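Student: I should like a close look at one part of this structure, namely its interior. Please take a single buried position as the point of departure and proceed from there to the surroundings.

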Amino acid sequence: MAGFKLLLSQSRRLSLPHFSSSRSLSLHRSLSSSSSDSQSLPIQPVSYAPKPKDPPQPDQTLQSTPPEEGTRSTLSREDLRYVKDVPNISPISYPTRVAPLPEDRVGEARDQESEEMARESRKIQAESRAWRTPFRVAAEEEKVVIPFPMLIMPEKKNEKRPVLDLMDAIREVKGNAKANFDETVEAHVRLGIDQKRSELIVRGTMALPHGSKKEVKVAVFAEGADADDARAAGADIVGGVDLIQKIASTGKVDYDRCFSTHSFMKRLYKISKILNQHGLMPNPKQGTVTKDVTKAVKEAKQGQVKFRMDKTSIVHVGIGKVSLSEEFLRDNVGAFMNSLLLAKPAGLKKTSKYAGYVNSFHICSTMGPGFRVSIQSLSRAADHYSKVYLNA
């Protein structure tokens, strides 16, 4: 019954002519009988031939063609659906290019290149002969022998100079002083003192037995008998309250050294700022505040020199001129070493005079090299100065 209804609906859809009732009834009976027979008979499977594929175009590759025998395609069936219309890209091979060797060149071109190279070589040789010939001829005619320059080998930084005796070092300094003026002989002493400790700073004054010929103006602040002694010793300016008022009003200081007595120091604070600007303020540590005015003035007139340790624990001082004799320079060095020992700080705990106090001593001229001096020769010079000048 269901099959009949299905056939009727299909006929209507396809606009087939309608069946009559009798005819439809016979059809229904036949279908019903066939359905009953179908239950008894098995249904046989039906196979259809595969659909033929479209032929390939001439400009396209048949990538969907089955692979050859013995090979296996790497593309699936679904991949072939997308690549079947892809145009064919055939590989292109180019011929290999090799650089030609000199043997492969044409004989004429090779001969022409060799001729050009030979021509250039002859031209270069001719130019070189043209340059060498004039110098050789001039040298042969004049026969001038030019000596090679003397090369001064630089001194090595790590090379240690020998330690000389004091007299030998003075001779070397005088021999290397070649400037066109009278150079000053300088002494440079490295002390074994920590520069951070202000209580151990070394300072002092010394009177050179053979000082310079420069005139030194000396001023003394004193009154009464001390003033008379200062004038007798050769002081240039001697005064008291009147001299202080004059400096305070004018602010001018026209002298090189300044001395004062202990009783007069309280009055000098009025002009201390002016004196400090010129480095002339009397100081007991420097020996400019003294009780013996006569001795202080005479030493200043002889050529008294100040010295002070700098920030690197080195004392720099001038001890004379190159024009002085070797013995005079030795006496000046002895005077300096004696004053340096007197200025040794009390807080420096060392048993020996020089051990731990004087590390090195160098002597030089203004424009000349320096020479290191042995401590033993310095000690002998200081002892000689003490015997000759201080005990006399």
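Tutor: In this predicted model, Ser313 has a relative accessible area of 3%, and because the limit for a buried residue is 20%, Ser313 counts as buried. Ser313 belongs to the loop that runs between strand 6 and strand 7. Its backbone deserves attention: phi is near 60°, a positive value in a residue that is not glycine.

The two strands that flank this loop lead into the interior. Strand 6 comprises residues 304-308 and contains Phe307. Strand 7 (314-321) is one of the elements that supply at least two residues each to the largest nonpolar core.

Phe307 is best described together with its ring partner. The structure holds three aromatic pairs. One of them joins Phe307 to Phe336 in an edge-to-face arrangement, with 5.8 Å from centre to centre and 90° between the planes. Since Phe307 lies in strand 6 and Phe336 in helix 10, this pair ties together parts that are 29 residues apart in sequence. Phe307 and Phe336 are both buried. Phe361 joins them through ring pairs, so that a cluster of Phe307, Phe336 and Phe361 is formed.

Phe336 has further neighbours. Apart from residues up to four places away in sequence, Phe336 touches Ala187, Val189, Met206, Phe307, Val315, Val317, Ile319 and Phe361. Helix 10 (326-342), the element that holds Phe336, has 17 residues; at 1.5 Å a residue it should span 24 Å, and its end C-alpha atoms lie 25 Å apart, in agreement with that expectation. Its buried residues include Leu329, Val333, Phe336, Met337 and Leu340. Polar residues of helix 10 are also buried, among them Asp331, Asn332, Asn338 and Ser339.

The next level is the nonpolar core itself. In soluble globular proteins, nonpolar side chains tend to be buried together. Here the largest such core has 38 residues, and Leu191, Phe336, Leu340 and Phe361 have the most contacts inside it. Helix 5, strand 1, strand 7, helix 10, strand 8 and helix 11 each supply at least two of its residues. A second core, separate from this one, has 17 residues, including Ile244, Leu268, Ile271 and Val289.

Helix 11, one of the contributors to the largest core, shows how its residues are divided between two sides. It covers residues 375-390, and the 16 residues should span 22 Å at 1.5 Å a residue; the end C-alpha atoms are 21 Å apart, which agrees. Ser377, Leu378, Ala381, Ala382 and Tyr385 are the buried residues of helix 11. These residues occupy an arc of only 140° around the axis and therefore lie on the same side of helix 11. They pack against helix 5 (166-176), strand 2, helix 10 and strand 8 (358-364). The face turned away from this buried side carries Gln376 and Lys387, which are exposed.

Val202 offers another view of the surroundings of Phe307. Val202 is located in the loop between strand 1 (184-191) and strand 2 (203-207), and its relative accessible area is 0%, so Val202 is buried. Beyond its neighbours within four places in sequence, Val202 is in contact with Leu191, Ile193, Phe307, Arg308, Met309, Leu340, Ala343, Pro345 and Tyr357. The C-alpha atoms of Val202 and Pro345 are 6.8 Å apart, although 143 residues separate the two along the chain.

A charged side chain is also found among the buried residues. Arg257, in strand 5 (residues 257-260), has a relative accessible area of 7% and is therefore buried. Not counting residues up to four places away in sequence, its contacts include Thr205, Val216, Lys217, Val218, Leu280, Gln304 and Lys306. The adjacent Cys258 is buried as well, at 3%, and Cys364 is buried at 11% relative accessibility. The whole structure contains zero disulfides.

For the chain as a whole, 27% of the 392 residues count as buried, and the secondary structure comprises 11 helices and nine strands. Among contacts with a separation of 6 or more, 71% are between residues 24 or more positions apart.

Conventions. Residues are numbered from 1 along each chain as its sequence is written. This is a predicted model: local features need pLDDT of at least 70, side-chain atom pairs count only at pLDDT 80 or more; totals for chains, interfaces and linings use all residues. Side-chain values use heavy atoms; hydrogens and water are left out. Helices (H or I, at least four residues) and strands (E, at least two) are DSSP runs, numbered from the N terminus. Buried means under 20% relative accessible area, exposed over 50%, partly exposed in between (1.4 Å probe, protein chains only). Contact means heavy atoms within 4.5 Å. A disulfide is a pair of cysteine sulfur atoms within 2.5 Å. The expected span of a helix is 1.5 Å times one less than its number of residues. The arc is that of the directions from the helix axis to the C-beta atoms. Rings of Phe, Tyr and Trp (its six-membered ring) pair if their centres lie within 6.5 Å; planes under 30 degrees apart count as stacked, over 60 as edge-to-face and the rest as tilted. A nonpolar core is a set of buried Ala, Val, Leu, Ile, Met, Phe, Trp, Tyr and Cys residues joined through side-chain atoms within 4.5 Å.
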